[in-house]
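Morning, everyone. I have one structure to walk through today. Please bring it up on your screens.

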Amino acid sequence: MIEINNLTKIFDQFTAIDDLSFTVKEGEVLGFLGPNGAGKSTTMKLITGFLSASNGSIRIDGYDISKNPIEAKALMGYLPEGAPSYGDMTTLEFLNFVAQVRGYRGEEISQRVQHVLDEVELNSVSQQTIETLSKGFKRRVGLAQAIMHDPKVLILDEPTDGLDPNQKHHVRELIKNLARDKIVIISTHILEEVTAVCSRAIIISQGKIVADGTPAELESRSKYHQAVSVRLNENYDLEADLTGIAEVSEVEKDEDDELVFRILANDGKSIFSQVSEVAQAKHWPVTEFHVSRGQLEDVFRTVTQQTQGAE
Amino acid sequence: MGNLAIIFKRELFSYFATPLAYIFIVIFLISNGIFTFDLGGFYARGQADLLPFFSFHPWLYLFMIPAIAMTLWADERKTGTIELLLTLPVRLADAVLGKFLAAWALTGIALLLTFPIWLTVNYLGDPDNGVILAAYIGSWFMAGGFLAIGSCMSACTKNTVIAFILTVSICFLFVIMGSPILLSAFPEWIPQFFVDAFSAMGFLTHFDSIAKGVLDIRDFLFFSVFIAAWLLASAVVIEMKKAN
């Protein structure tokens, strides 16, 4: 379990992390979201003990990162932003080094290294120096070192940044497989990734938590949650027909397509059946008709812009 | 094998994985040859000792050691591997010491490879090999002093060129601190103990006596304490400057 209490980090005059508190339990895959400069990477650097906090505490399975750094670090695997590694070493040499630092000795070293090479599919480049590898491979080398000791806590800073769609898919599958009895924290600005792998998402902005919940919960905060999307084949005044339904809040025209409308619901109530009844009764010239899920992107923009506007 | 040894091995290995170690050793040996035989007048002196060889070492180290030391931490910061290294379950002391010892070992290897000069002097005459051994160890300790300064300067910046220039400048200061020219430049009103203390910090003060075969444990102690102090400073600087 990771317990973070009143975490604050101040650089000179600038408050990067502002009184952050949250807890992550085993089995959770926490997506850490936020605009650039919101403090995602800083939080990860604080959790992994690279930076020390100005205030507050971080406990990994009971070990305080500032008081028992070695014990706490031993529980964590970390992929720093940009997946740095020693470029002049080969993949194999580098992973051997990490295995040794992680405390493996003798036969165990080659067994563990082979295991992670298989896990992230690096066998083909194990003899190449890391600086000659493509971005995707470098990222996988970074992942390989992070999962070397089968850590209880895995912290990944933008793990899929710079990967092609196949590699992204592969890394996501890997994270899902690893996650069962572990804690995984990933930071990302790819929102679809959160829906794909995370069981919980925290959105931070200017060092504060602005939203915390399951991806579905966050999506339901969107004004598009339960909205009915309609495509017509000729222009028609929908709004006039819908005034009778209390649950409908407004009708929005698509920015790009004149004939696409979104009928928004009040407070995420289901309006599909009522709207479809009206559509049939009034013979709307409909070609497409479906309920849209809330959009995480929309929630993200709303909550992060609110805090930025408040400053 | 502790983490210190693992880091030491990785660092030393990485010197030899790139041409750096080989170039360093080759240039070191060639310069030593030129200094000893040409400029030092090894043959002309007609004495069976290695004084001309050792007396050039401070000036040779002044440019060669910063070249090794400059990458110690600056590169780690630049490539971001410092974040990797320091989030592994490794104590900062092990990292600082492991890196320093690897660079020190490299200078030790380069120094050992000057053995043909020792063979030559033994072939030509009958030198005091005890004095030569002491001078070798003294020279290696002095190299350690240069390296420790370099480690700290390298920790100050991401830029290896800046690290190099800073290290050369500070090393130069410590080399000339004990030189008579500098000491005679002090005005009379400065108290003598201050001048003595100043001179005692100079590398030449300690190394000259070692090179001449005057074995004084205090000279070795000086370099040991000097190295320890600069490595401690390195650790403090790394801790302070991690964030940027």
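Start with the domains of chain A. The model is predicted, so keep that in mind throughout. The domain assignment splits chain A in two: domain 1 covers 2-220 and domain 2 covers 228-292. How far apart do the C-alpha centres of these domains lie? The answer is 43 Å.

Next, the contact between the chains. Chain A puts in 20 residues, and chain B puts in 19 residues. Look at the side of chain A that touches chain B. Two helices there each supply at least two residues: α2, 69-74, and α3, 91-101. What is the chemistry of that side? In chain A, the residues touching chain B divide into 12 nonpolar, 6 polar and 2 charged.

Now go to chain B, and to a helix pair. In general, two packed helices are described by the angle between their axes and the distance between the axes. Here the pair is α10, residues 129-156, and α14, residues 203-211, both of chain B. Their axes come within 8 Å. They cross at roughly 160°. An angle over 145 degrees counts as roughly antiparallel, and therefore α10(B) is roughly antiparallel to α14(B). The crossing of α10(B) past α14(B) is left-handed.

Which residues make this contact? From α10(B), we have Ala134(B), Ala135(B), Gly138(B), Met142(B) and Gly145(B). From α14(B), we have Phe203(B), Phe207(B), Ile210(B) and Ala211(B). Sort the residues of that α10(B)–α14(B) contact by type, and you get 7 nonpolar, 2 polar and no charged.

Last topic: backbone angles. Back to chain A, with two residues to check.

Take Asn6(A). Its phi is positive, about 50°, although Asn6(A) is not a glycine. Asn6(A) sits in strand β1, residues 2-11, of chain A. Is Asn6(A) buried or exposed? Asn6(A) counts as exposed, because it has 12 C-beta neighbours inside 10 Å, and 12 or fewer is the cut-off for that class.

Then Ala83(A). Phi is near 45°, again a positive value in a residue other than glycine. Ala83(A) is in a loop of chain A, the one between β6, 76-79, and α3. That is the α3 we met among the helices supplying the side that touches chain B. Why does Ala83(A) count as buried? Because Ala83(A) has 25 C-beta neighbours inside 10 Å, and the class starts at 20.

So, two positive phi values: Asn6(A) in a strand, Ala83(A) in a loop. That's my set. Over to you for discussion.

Key. Residues are numbered from 1 along each chain as its sequence is written. Chains are lettered from A and ligands numbered from 1 in the order in which they are written. This is a predicted model: local features need pLDDT of at least 70, side-chain atom pairs count only at pLDDT 80 or more; totals for chains, interfaces and linings use all residues. Axes are lines fitted to C-alpha atoms, for helices over the stretch in contact, and angles run from 0 to 180 degrees between N-to-C directions. Helices (H or I, at least four residues) and strands (E, at least two) are DSSP runs, numbered from the N terminus. Angles under 35 degrees count as roughly parallel, over 145 as roughly antiparallel, 65 to 115 as roughly perpendicular and the rest as oblique. A crossing is left-handed if the near helix is turned anticlockwise from the far one by less than a right angle, and right-handed if clockwise. Two residues are in contact if their C-beta atoms, placed from the backbone, lie within 7 Å. Ala, Val, Leu, Ile, Met, Phe, Trp, Tyr, Cys and Pro count as nonpolar, Asp, Glu, Lys and Arg as charged, and the others, Gly among them, as polar. Domain bounds come from an automatic or database domain assignment.
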